[in-house]
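Here's a quick tour for the bench, taken one piece at a time. Keep the model open as you read.

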Amino acid sequence: MQAPHGLGFAIDQRETDLCIIRERPVEEAYLRDLQQQALLWKRNRGLKKNQTVTFDVAWHNILGFATQERAETLVDLLNDALVDSGIRFELVSFDYVWRSEWFQLDLWTAEEMDMKETLRVGTSTTLNVYSCVPSYQGTRVAGSSAFPDDYGDDPVRDGIVLDVAFSPVGGEGGATFIHEVGHWLGLRHTFGPSCATDNDLVDDTETHLKPDLSNPPPAGTCPTSQFCPLGRTGPVENFMNYGFAGCQTLFTAGQIGRTEDQVAMYRPAPLTAAEMNGPEVLHAGRPAVWSVDVETGYGPYTYSWHVAQGFGITPIGSNAREITDTVRCTLRDCERYEELVTIACTITDSEGQQITVEHQVLVWN
Ligand SMILES: [Zn+2]
């Protein structure tokens with residue numbers, strides 16, 4: 001199977017601790033364009049603050065290679081690594097898959113797509129994890145990931161393939177798993193291809209040529225990377241480098257910002273709203289106010305209120321420039337006696353997502 005758009009892949013010489021991602025021919029220009037698109041997208045929707053979003057994790061455990069306990073621990077470690085962001089993950093499913101042909105999986109083949117077409121669940125906000133023993137052109141790799149901007153053209157490929165042997169939950173702290181999810185959130189490697197470009201287009205990460213994985217460091221120490229200029233110390237602690245057990249511990253503030261921009265544009269949170277607030281008993285002739293708050297979604301929103309005939313509903317006020325939004329309505333003309341009335345509000349966001357929130361009121365006359 002050919003790579004999409006005829007592009008190549010990042011492959012390290014080392015047999016372990018490498019991952020397979022799709023590369024673009026002029027990565028820096030491509031990333032700059034992505035970043036501008038994301039900022040424009042947010043501005044057009046009036047998003048001033050980053051969304052808080054919890055992604056579902058659907059884990060597909062090929063031939064029992066992982067355990068649910070390890071999966072849960074890895075997700076906990078991932079949430080620790082993202083503690084400064086509004087992004088969280090929650091393991092919602094863990095299924096055993098008894099298909100031996102997907103265990104030693106050749107990446108970027110029809111076999112991989114067959115597996116994903118069969119197993120994949122959810123939407124762009126569902127992280128599908130396939131734990132098996134992946135390889136690329138005969139070389140065993142630690143994992144592979146799709147980028148958020150791949151989703152539109154290639155939703156089936158979305159998710160990560162992971163060799164959990166490279167994500168122990170002890171000393172390494174799940175760094176390979178966290179690294180792959182970093183790609184899934186839109187982050188590039190901190191290294192390569194040259195010193196002349198800002199390789200990941202994140203301002204606060206060091207530019208360096210390659211991770212140096214040739215000499216395992218003495219216990220309790222971390223190795224240096226190959227830096228730009230050579231001789232300087234590099235970001236050995238960064239999750240988007242490659243590293244040794246226990247050395248990779250952080251994402252920078254710039255990387256967190258990048259993930260939030262990429263998520264906002266390519267993995268938008270589903271529209272959700274709180275319950276409707278307002279009185280549950282109403283005496284005729286007295287004004288009352290109901291409100292509903294949008295929790296996540298993309299403004300501007302439109303609100304459509306529905307109530308039994310004979311009641312006058314007047315929306316009052318709107319604040320569509322924030323993610324949290326409130327619209328209220330008043331109920332005036334009550335003509336009925338002791339009747340249970342359902343008030344409903346249908347909210348539509350700028351992405352066309354729609355939800356309806358209902359509230360029951362006992363009306364006395
Ligand atoms: Zn990687």
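Which residues in H5 are buried? They are Gln255, Ile256, Arg258, Thr259, Glu260, Asp261, Gln262, Val263, Ala264, Met265 and Tyr266. One thing to keep in mind: this is a predicted model. The helix comes first below, then the strands.

**Helix H5 and aspartate 261**

- Eleven of the 14 residues in H5 are buried, so the helix is largely enclosed by the rest of the structure.
- The length of H5 checks out too: at 1.5 Å a residue, its 14 residues should span 20 Å, and the end C-alpha atoms are indeed 20 Å apart.
- Aspartate 261 sits in this helix, which covers residues 253–266.
- Aspartate 261 counts as buried because 22 other C-beta atoms lie within 10 Å, and the cut-off is 20 or more.
- Once you set aside neighbours within four places in sequence, aspartate 261 is in contact with Gln35, Ala38 and Leu39.
- Take glutamine 35: 226 residues separate it from aspartate 261 in sequence, yet their C-alpha atoms are 7.6 Å apart in space.

**The β-α-β unit**

- S2, helix H2 (residues 68–81) and S3 together make a β-α-β unit, and it's right-handed.
- The two strands, S2 (residues 53–62) and S3 (residues 87–97), pair in the parallel sense over ten bridges.
- If you want a spot to zoom in on, isoleucine 62 has valine 97 in S3 as its bridge partner.

**The three-stranded sheet**

- S4, S6 and S7 form an open sheet, in the order S4-S6-S7, with mixed pairing.
- Its edge strands are S4 (104–106) and S7 (139–140), each of which pairs on one side only.
- S4 runs parallel to its partner S6 (residues 133–136), and three bridges link the pair.
- Aspartate 106 finds its bridge partner in S6, namely serine 135.

**The four-stranded sheet**

- Another open sheet is made of four strands in the order S13-S19-S18-S15, and the pairing here is mixed.
- S13 (281–283) and S15 (302–306) are the edge strands, so called because each pairs on one side only.
- Ignoring direction, neighbouring strands of this sheet are turned by 30° against each other on average.
- S15 and S18 (residues 339–348) run antiparallel, joined by five bridges.
- On that S15–S18 pairing, the bridge partner of tyrosine 303 in S18 is isoleucine 347.
- As background, strands of a sheet pair through backbone hydrogen bonds, either parallel or antiparallel.

Notes: Residues numbered from 1 in each chain as written. Predicted model: local features only at pLDDT ≥ 70, side-chain atom pairs only at ≥ 80, totals over all residues. Right-handed = clockwise from strand over helix to strand, strands pointing away. Buried ≥ 20, exposed ≤ 12 C-beta atoms within 10 Å, placed from the backbone. Contact = placed C-beta atoms within 7 Å. Expected span 1.5 Å × (residues − 1). Axes fitted to C-alpha atoms, helices over the stretch in contact; angles between N-to-C directions.
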